[in-house]
Amino acid sequence: MPKIRTILFIDEKDDVYASYFAAQLQARGHHVIFWEPSKAATTQMRHREDGCMEFVQAQQVVVPAAVDVVWFRSFARLGTTPPTARAAAHAVKDMLLDALRLNCSILWLNDTRKAALASLRTQVQRLGHQCGFRVPRTIATNDPMRVRAFFNECDGQLVAKSFTQTWLGFTRAETCQVK
């Protein structure tokens with residue numbers, strides 16, 4: 001029988017994927033704890049008699065020294081924290097992450113530092129090129145004229161990520177057909 005592990009989900013309980021995997025792990029006997037970023041401002045931090053820190057949130061107790069696995073998805077909902085509590089919420093999040101990183105034996109799924117590095121597109125593209133991948137021409141801009149010129153240079157053969165409903169006169173559905 002595999003070792004029973006303590007698995008910390010840093011995610012919201014209403015996240016479908018996290019909840020599904022948490023239920024599967026609990027069914028196999030693992031101890032699952034959720035720490036919800038949207039409730040960071042309500043987290044209490046305490047020092048235990050054994051010298052360890054513990055983070056208490058909605059009757060869930062996280063003792064970083066006792067965590068075996070961290071499942072990290074997103075801190076996106078920290079942005080929904082009221083502005084008056086946002087600084088405190090970020091401070092608690094940072095303290096929790098620092099305490100978890102002191103435990104060198106933790107297995108991280110989606111480590112926050114690696115996720116941040118992966119989001120740096122130019123570095124990822126350079127690394128891909130160094131590894132022998134074909135990296136397509138790329139443009140990152142908010143200037144519609146530069147985007148239109150790039151679109152024409154590529155004869156419309158491109159992949160685009162838009163933050164608005166329309167992009168260069170295309171609707172979102174039509175943008176999916178631009179290759």
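**Figure 1. Overall fold of the chain, with its helices and strands.** Six helices and nine strands make up the secondary structure of the chain, which is shown as a predicted model. Of the 179 residues in the chain, 34% are buried. The surface that the chain exposes amounts to about 12200 Å², and 57% of this area is supplied by carbon and sulfur atoms. Among the contacts with a separation of 6 or more, 53% join residues 24 or more positions apart.

**Figure 2. Two cysteines, C104 and C154.** C104 has a relative accessible area of 74% and is exposed. C154, by contrast, is buried, at 15% relative accessibility. A disulfide is a covalent bond between the sulfur atoms of two cysteines. The count of disulfides in this model is zero, because no pair of cysteine sulfur atoms meets the cut-off of 2.5 Å.

**Figure 3. Helix α1 and the residues at its two ends.** Helix α1 comprises twelve residues, from 16 to 27. The distance from the first C-alpha of α1 to the last is 17 Å, close to the expected 16 Å at 1.5 Å a residue. The N-terminal end of α1 is capped by D15, which has a side-chain oxygen 2.9 Å from the backbone nitrogen of Y17. Just after α1 comes G29, with a positive phi of about 95°.

**Figure 4. H30 in the loop between α1 and β2.** The loop between α1 and β2 contains H30. With a relative accessible area of 15%, H30 is buried, because it falls under the 20% limit. A polar atom of the H30 side chain lies 3.0 Å from the backbone nitrogen of R5. When neighbours within four places in sequence are left aside, H30 is in contact with K3, I4, R5, I7 and L25. R5 therefore appears twice in this view, as a contact of H30 and as the owner of the backbone nitrogen beside the H30 side chain.

**Figure 5. E36 in the loop between β2 and β3.** E36 is placed in the loop that links β2 (31-35) to β3 (44-47). Is this residue, E36, buried or exposed? E36 counts as buried, at 7% relative accessibility. Not counting residues up to four places away in sequence, E36 touches D11, E12, K13 and Q57.

**Figure 6. D50 and its polar contacts between β3 and β4.** D50 is found in the loop between β3 and β4. Its relative accessibility of 47% makes D50 partly exposed. The side chains of D50 and R48 are joined by a polar contact of 2.5 Å. The D50 side chain also reaches the backbone nitrogen of C52, at 3.0 Å.

**Figure 7. A58 and Q59 in the loop between β4 and β5.** Most residues other than glycine have a negative phi. A58 is not a glycine, yet its phi is positive, at about 50°. Q59, likewise a residue other than glycine, has a positive phi near 65°. A58 lies in the loop between β4 (53-57) and β5 (60-62), and Q59 is found in the loop between β4 and β5. A58 is exposed, with a relative accessible area of 54%, and Q59 is exposed at 78% relative accessibility.

**Figure 8. P82 and A41, two residues separated in sequence.** P82 lies in the loop between β6 (69-72) and α2 (83-101). P82 has a relative accessible area of 47% and is partly exposed. In sequence, P82 and A41 are 41 residues apart. In space, the distance between P82 and A41 is 9.1 Å from C-alpha to C-alpha.

**Figure 9. Helix α5 and its buried side.** Where on helix α5 (residues 144-153) do the buried residues V147, F150 and F151 lie? These buried residues of α5 lie on the same side of the helix, because they cover an arc of only 105° around its axis. M145 and E153 are exposed on the other side of α5. At the start of α5, D143 has a side-chain oxygen that reaches to within 2.9 Å of the backbone nitrogen of M145. M145 thus belongs both to the exposed side of α5 and to the contact made by D143. Just after α5, D155 takes a positive phi of about 50°.

Key
Residues numbered from 1 in each chain as written. Predicted model: local features only at pLDDT ≥ 70, side-chain atom pairs only at ≥ 80, totals over all residues. Heavy atoms only, no water. Buried < 20%, exposed > 50% of the residue type's maximum accessible area, 1.4 Å probe, protein only. Helix = DSSP H or I, 4+ residues; strand = E, 2+ residues; numbered from the N terminus. Contact = heavy atoms within 4.5 Å. Areas by Shrake-Rupley, 256 points an atom, 1.4 Å probe, with all protein chains shown as cover. Arc of directions from axis to C-beta. Polar contact = N/O pair within 3.5 Å; in protein donor to acceptor, adjacent residues only side chain to side chain. Expected span 1.5 Å × (residues − 1).
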